[in-house]
Amino acid sequence: MGLLSLGTPLPWKEVQKYADHVREHGIEQFLHIWKNTKDERGNSLLWGDEVEYMVVSYDHENKSALLSLRQAEILTALEENEKRQRKIEDELGVGSGQRIPTFHPEYGRYMLEATPGQPYTASLEDLLNVERNMNRRREIAKEHMLPHEIPVTLTSFPRLGAPGQFTDPYYAPIGNASRSFFLPDELINPHARFPTLTANIRERRGSKVAMNVPIFKDKNTPSPFIDPTVPYDRNLYPEDANARQGAALPDHIYMDSMGFGMGCCCLQITFQATDIDEARRLYDQLAPLGPIFLALTAASPAWRGYLSDQDCRWNVIAGSVDDRTEEERGGRPLKNQRFVIPKSRYDSIDYYISQSRECRPEYNDLDLVMDDKLKKKLTDAGVDDKLANHYAHLFIRDPIVVFSELVDQDDTTSSDHFENIQSTNWQTMRFKPPPPGTNIGWRVEFRSMEIQITDFENAAFAIFIVLLTRAILSFKLNFYIPISKVDRNMQVAHRRDAVINEKFYFRKDIFAPLYHSHDVQSNGSETASEDASVSLYSSDANASTDSIVNKTVKPVEEEYDMFTIDEIINGRKPKPTSNGPLSDVEDEMNEFPGLVRLVQDYLDSMSVDVETRCTLNAYMDLISKRASGELYTAARWIREFIRGHPKYQFDSVVGSEVNYDLVRTVEQLTLGNEWNGAGESLLGGMSGARYRSS
């Protein structure tokens, strides 16, 4: 959950005074890191995952599942246990793959985050340990909870903010930090950073945050749907007028607090690259995959006690931390602010940063808002234009939380001001410089995926992304499409059942020879230069590329097409043309192999024993079946479970007993039960794979 500093947080009026100071010193801190590490080479592949849990408290007598607010007590017990176990591990010389996991606080007082005790390596042995490690994290967490509490991996809690009690214990939603109609401040992690972050976002924005998710129109849902649970007449705070003034939209589920977004759970993967250039390449190549894996892991169809007509969390979180003023959102002419900013600080990336030749300028097709003064500072220090643009864009934002004790820092040894801005740009990808004074390398973080219900599923997606990064680098894959198309894909990914019903922009020829816009011959025709770095796809990663000759450079618009997620993941055959059948060469070049095949071919290039391959194939089988629609996404499964419950009235309302039975069933699935029963549409046929991998 970003930077957790200790100290006295300043109120927003005081933070404003230090905004330029934090930005300027943040860039100075980055420059010290960059100068010290930009030439480092040869870091080994290390990676790790972050799994987030909700702690649920059962009230079996009343058939109610509530969010337990005992995060602090549970974390204290977990930390004490970790210290004891670390001492034993050190004495025994326990290897990295077996180290006890680490638990961390999150925004919600009902949330836990868990990571491996040490990063994984690139070894196949470590890949096979991922699910076991996730199993162990869940078991350790459960051991430090009360008998009626369980850790669950749900992206959004269906009744968070619904009328009545949804937390244990109950608190009234009257807190001063969020001033929410629906969520009490006691739900927020009490560490000073979190309530201050909540209050300062609201104060900077000049109103409460406002998220409106379309209601799922079931057969008994009123139309138009005007939410009867919104207390329009409340006048406890000035911001209570927001809803009356139009913040709450008809036919939508209205949410007004940071907790609705930052109270969601997700699955994030961080990779250490061999050097800064490889990290920049991975950042770019994974960016177009963000929306695809958002749709593929869709797991959040219910909000504030209602079924919604979307499947994903991303736009809710984006709205929940949207601190832009009305001027910055374009609602009024600029007077007191510096920029009109098109997006929330939690959104998809705006700019590719690799200097590799395949990154054509045309792909960066958004009007990038930048701080010109900070860009000049970066370029004057020797930073190239692309990386300077990246940070000059991130640093248009104000710091939200500043601790009085940390205003003045040693820029040669600290990165707190840099991380203050960097860590509150919550984008689909994050480019992470090495922390000063460590042996950690340049890293990238893949952030779009929703958490899955079982450890088997979470391990499958984590392992698949890791193997896909290896295929990207080994086969020199090229996934570039214009950033504007990635943005459009992010919007489409939210739609109900997007994984089976929608099409997404995706690159057609991911093995294209690399070229640059300056590879133009004297006669004016654009061709790929003979010395361009090229890669012809083959199951042999070292296949010769001598047969590739100069190739006409296509307009960017001809490089991508509309694909279903099934086609992206499982491949598609070439389309027939009006000019007759394709030649064998044309047929091969127009065929899209699918990401699963790419990973399979990467594994073919390695020495993998049969048992390991079977386990890895089980993970890929899950992803393949999710993409084809043979198995449901978690979002579809949750929606169908709710609609099939005998107490559901087909009015879009998720009642307390319906939610209770949903969580009970989710618990059974995490224990390996009901995969071919209540969870058959989600995990049917996977039970054998689960036991083999675990």
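Contact is taken here to mean heavy atoms within 4.5 Å of each other, and it is in this sense that the packing of helix α12 is described for the present structure, which is a predicted model.

Helix α12 spans residues 385–394 and is mostly covered, since nine of its 10 residues are buried. The buried positions are K386, L387, A388, N389, H390, Y391, A392, H393 and L394. These buried residues pack against helices α2 (19–37), α8 (276–286), α11 (372–380) and α13 (416–422), and also against the strands β13 (426–427) and β14 (429–432). At the start of α12, the backbone nitrogen of K386 is approached by a side-chain oxygen of D384, which reaches to within 3.2 Å of that nitrogen.

Two of the elements that α12 packs against, α8 and β14, also contribute residues to salt bridges, of which the structure holds 57. Side chains of opposite charge can pair when their charged atoms come close. One such pair is formed by R41 and D277, whose side chains meet in a salt bridge with an N to O distance of 3.5 Å. This pair links distant parts of the chain, with R41 lying in the loop between α2 and β1 (46–59) and D277 in helix α8, 236 residues apart. R41 has a relative accessibility of 47% and therefore counts as partly exposed, and D277, with a relative accessible area of 39%, is likewise partly exposed.

Strand β14 takes part in salt bridges with strand β15 (residues 443–446), beginning with R430 and E445, for which the closest N and O atoms are 3.7 Å apart. R430 belongs to strand β14 and E445 to strand β15, so that this pair, 15 residues apart, also links distant parts of the chain. Both R430 and E445 are buried. The side chain of E445 additionally meets that of K432 in a salt bridge, at 3.6 Å from N to O. Here again distant parts of the chain are linked, K432 being in strand β14 and E445 in strand β15, 13 residues apart. Because buried means under 20% relative accessible area, E445 counts as buried at 1% relative accessibility, and K432, with a relative accessible area of 17%, is buried as well.

Beyond these pairs, a network of salt bridges links D20, R23, R204, D323, E328, R345 and D398.

Definitions and conventions
Residues are numbered from 1 along each chain as its sequence is written. This is a predicted model: local features need pLDDT of at least 70, side-chain atom pairs count only at pLDDT 80 or more; totals for chains, interfaces and linings use all residues. Side-chain values use heavy atoms; hydrogens and water are left out. Buried means under 20% relative accessible area, exposed over 50%, partly exposed in between (1.4 Å probe, protein chains only). Helices (H or I, at least four residues) and strands (E, at least two) are DSSP runs, numbered from the N terminus. A polar contact is a pair of N or O atoms within 3.5 Å; within protein, one must be able to donate a hydrogen and the other to accept it, and residues adjacent in sequence count only if both atoms are side-chain atoms. A salt bridge is a side-chain nitrogen of Lys or Arg within 4 Å of a carboxyl oxygen of Asp or Glu.
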